[in-house]
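Good morning, and thank you for joining this group meeting. Please look at the sequence and the structure together while I speak.

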Amino acid sequence: VGYKVCRRPPGGVIATRSAMKLTDESLALLVEEDPAEVEVLHFVRSPPISQVGHSSLHRCHRLVSLSLARLGLRTIDGDALAACATLWWIDLSRNHLETLAGSGLDAFAALGLLDVSGNALAIDAIAPIGEVEVVRLHLAG
């Protein structure tokens, strides 16, 4: 219990060539256990995910570390990240994000790491996290 690396399931359980929307149902298929028990969730060689749906992480109450790097992510909907109040480490690097507005990042008082490097973020696009204390912030690259 605790650490979960999501990979493409053996036998192609999630058979998709196009990018998918991460929902609570698709997360349950990728995690293959109760998302409420997962503390570390890193997507590695996962199917492409273009969108994080607003309720996709609502059951991840114990989540401390989340990596959605290199997935082709374009949007994070409806304060999806705010549902994970215990998050401390967030890697959103090397995606296609243009804004952080609506992602839920502004709900955090502090984060240990926020990596948004390698995205198409303009400086005003990070304004939603202006009040968040971030120990390590990666913007460039």
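Let us begin with W88, which sits in the loop that runs between β6 (75-76) and β7 (89-91). Please keep in mind that what you see is a predicted model. Is W88 buried, partly exposed or exposed? Its relative accessibility is 42%, so W88 counts as partly exposed, since that class lies between 20% and 50%. W88 also takes part in a nonpolar patch on the surface: together with V64 and V135 it makes up about 290 Å².

The loop between β6 and β7 also holds D79. With a relative accessibility of 42%, D79 too is classed as partly exposed. Which residues does D79 touch, once those up to four places away in sequence are set aside? They are G102, S103, G104 and D106. One further distance may be noted here: D79 and L57 are 22 residues apart along the chain, and their C-alpha atoms are separated by 9.8 Å.

Let me now step back to the chain as a whole. The protein chain contains 1 helix and 9 strands. Read along the sequence, the order is β-β-α-β-β-β-β-β-β-β. The chain has 141 residues, and buried residues make up 45% of them. About 7100 Å² of the chain is exposed, and carbon and sulfur atoms supply 52% of that area. As for contacts with a separation of 6 or more, 58% of them are accounted for by residues 24 or more positions apart.

How confident is the prediction? The average pLDDT of the chain is 83, and 87% of the residues score at least 70. Over residues 8-17, however, the pLDDT is below 50, and this stretch has 14 contacts in the model beyond near neighbours in sequence.

We turn next to the helix, α1, which covers residues 24-31. Which of its residues are buried? They are S26, L27, L30 and V31. These four cover an arc of only 130° around the axis, which puts them on the same side of α1. A general rule helps us to read this: an α-helix has 3.6 residues a turn, so residues three or four places apart point the same way. Directly after α1 comes E32, whose phi is positive, near 60°.

Further along, in the loop between α1 and β3 (40-43), we meet A36. Is A36 buried or exposed? A36 is buried, because its relative accessible area is 18% and the cut-off for buried is under 20%. Leaving out residues up to four places away in sequence, A36 touches R59 and R62. A36 and R62 are 26 residues apart in sequence, yet their C-alpha atoms are 6.3 Å apart in space.

Those two arginines bring us to the salt bridges. Side chains of opposite charge can pair when their charged atoms come close. How many salt bridges does a search of the whole structure find? The search finds 3.

One of them joins R59 and D34, with the closest N and O atoms 2.6 Å apart. R59 lies in the loop between β4 (49-52) and β5 (65-67), and D34 in the loop between α1 and β3, so this pair ties together parts that are 25 residues apart in sequence. Both partners are partly exposed: R59 has a relative accessible area of 35%, and D34 has one of 33%.

Another salt bridge is formed by R62 and E37, where the closest N and O atoms are 2.9 Å apart. Here R62 lies in the loop between β4 and β5 and E37 in the loop between α1 and β3, so this pair also ties together parts 25 residues apart in sequence. R62, at 36% relative accessibility, is partly exposed, and E37 is partly exposed at 32%.

R62 has a salt bridge with E39 as well, at 2.5 Å from N to O. This pair links distant parts of the chain, E39 in the loop between α1 and β3 and R62 in the loop between β4 and β5, 23 residues apart. At 30% relative accessibility, E39 counts as partly exposed.

Which residues, then, are linked in a network of salt bridges? They are E37, E39 and R62. To close, please find R62 once more in the structure: A36 touches R62, and the side chain of R62 meets that of E39 in a salt bridge. Thank you for your attention.

Technical notes
Residues numbered from 1 in each chain as written. Predicted model: local features only at pLDDT ≥ 70, side-chain atom pairs only at ≥ 80, totals over all residues. Heavy atoms only, no water. Helix = DSSP H or I, 4+ residues; strand = E, 2+ residues; numbered from the N terminus. Buried < 20%, exposed > 50% of the residue type's maximum accessible area, 1.4 Å probe, protein only. Contact = heavy atoms within 4.5 Å. Areas by Shrake-Rupley, 256 points an atom, 1.4 Å probe, with all protein chains shown as cover. pLDDT = per-residue confidence, 0-100. Patch = residues over 30% accessible without salt bridge, like charges linked within 9 Å, V, L, I, M, F, W, Y side chains within 5 Å. Salt bridge = Lys/Arg side-chain N within 4 Å of Asp/Glu carboxyl O. Arc of directions from axis to C-beta.
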